[in-house]
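This report is a short reading of one protein model, written for a first-year student. Keep the sequence and the 3D view open while reading.

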Amino acid sequence: MDFWAESFKLSGGNMRSMVAAYLTAESAGPLTMPLPIYAIQREYQKLGRLTPTSEFGPYAVPLV
């Protein structure tokens, strides 16, 4: 969680959307770091923001 707080600037509404996305994903299996990172990347896309690998560090996942 510290990685998220220090790395990403998102509003409360964006965070709520992101949380909903990975909680839904969690129901299909264990919650691992790639799931919320993927959700953050999707939120960035919706906001028209870039998702550079450098910002996501070792947790970057390819978007489909």
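The text below goes from the overall fold to the core, and then to single side chains.

**Overall layout**

The model is predicted, not determined by experiment. Its secondary structure consists of four helices and zero strands, and the order from the N terminus is α-α-α-α. The protein has 64 residues, and 23% of them are buried. Among contacts with a separation of 6 or more, 52% join residues that are 24 or more positions apart.

**The nonpolar core**

In soluble globular proteins, nonpolar side chains tend to be buried together. The largest nonpolar core here has eight residues: Phe8, Leu10, Met18, Ile37, Ala39, Ile40, Tyr44 and Phe56. Helix H3, residues 34-46, gives the most to this core, with four residues.

Phe8 belongs to the loop between helix H1 (2-7) and helix H2 (12-26). Because its relative accessibility is 7%, under the 20% limit, Phe8 counts as buried. Leaving out residues up to four places away in sequence, Phe8 touches Phe3, Ile37, Ile40, Tyr44, Glu55 and Phe56.

Phe56 is another member of the core. Its contacts, apart from neighbours within four places in sequence, are Phe3, Phe8, Ile37, Ile40, Gln41, Tyr44 and Thr51. The relative accessible area of Phe56 is 0%, so this residue is buried.

**Helix H3**

Helix H3 has 13 residues. From its first C-alpha to its last, H3 reaches 18 Å, close to the 18 Å expected at 1.5 Å a residue. Which residues of H3 are buried? They are Pro36, Ile37, Ala39, Ile40, Gln41, Glu43 and Tyr44. Just after H3, Gly48 has a positive phi of about 75 degrees.

Ala39, in helix H3, is buried at 6% relative accessibility. Not counting neighbours within four places in sequence, Ala39 is in contact with Met18 and Ala21. Gln41 also has its place in H3 and is buried, with a relative accessible area of 3%. Beyond four places in sequence, Gln41 touches Thr51, Phe56, Val61 and Leu63. Leu35 lies in H3 as well, but at 27% relative accessibility Leu35 counts as partly exposed.

**Pairs that are far apart in sequence**

The table lists residue pairs with their separation along the chain and their C-alpha to C-alpha distance in space.

| Pair | Separation in sequence | C-alpha to C-alpha distance |
|---|---|---|
| Phe8 and Glu55 | 47 residues | 8.3 Å |
| Leu35 and Val61 | 26 residues | 8.9 Å |
| Ala39 and Leu63 | 24 residues | 9.9 Å |

**Aromatic and charged side chains**

A search of the whole structure finds one aromatic pair. The pair is formed by Tyr44 and Phe56 and is edge-to-face, with 5.8 Å from centre to centre and 65 degrees between the planes. Tyr44 lies in helix H3 and Phe56 in helix H4 (residues 53-56), so the pair ties together parts that are 12 residues apart in sequence. Tyr44 has 1% relative accessibility and counts as buried. The ring of Tyr44 has a further partner: the charged end of Arg49 sits over this ring, 4.0 Å from its centre.

Side chains of opposite charge can pair when their charged atoms come close. How many salt bridges does the structure hold? The structure holds one. The salt bridge joins Glu43 and Lys46, and their closest N and O atoms are 2.8 Å apart. Because Glu43 and Lys46 are three residues apart in helix H3, about one helical turn separates them.

Are the two partners buried or exposed? Glu43 is buried, at 4% relative accessibility, whereas Lys46 is exposed, with a relative accessible area of 61%.

**Summary**

Helix H3 gives four residues to the largest nonpolar core. Tyr44 in H3 also forms an aromatic pair with Phe56, and its ring lies under the charged end of Arg49. The salt bridge between Glu43 and Lys46 is within H3 too.

Definitions and conventions
Residues numbered from 1 in each chain as written. Predicted model: local features only at pLDDT ≥ 70, side-chain atom pairs only at ≥ 80, totals over all residues. Heavy atoms only, no water. Core = buried A, V, L, I, M, F, W, Y, C linked by side-chain atoms within 4.5 Å. Buried < 20%, exposed > 50% of the residue type's maximum accessible area, 1.4 Å probe, protein only. Helix = DSSP H or I, 4+ residues; strand = E, 2+ residues; numbered from the N terminus. Contact = heavy atoms within 4.5 Å. Expected span 1.5 Å × (residues − 1). Salt bridge = Lys/Arg side-chain N within 4 Å of Asp/Glu carboxyl O. Phe/Tyr/Trp six-rings, centres within 6.5 Å; stacked < 30°, edge-to-face > 60°. Lys NZ or Arg CZ within 6 Å of the ring centre and 35° of its normal.
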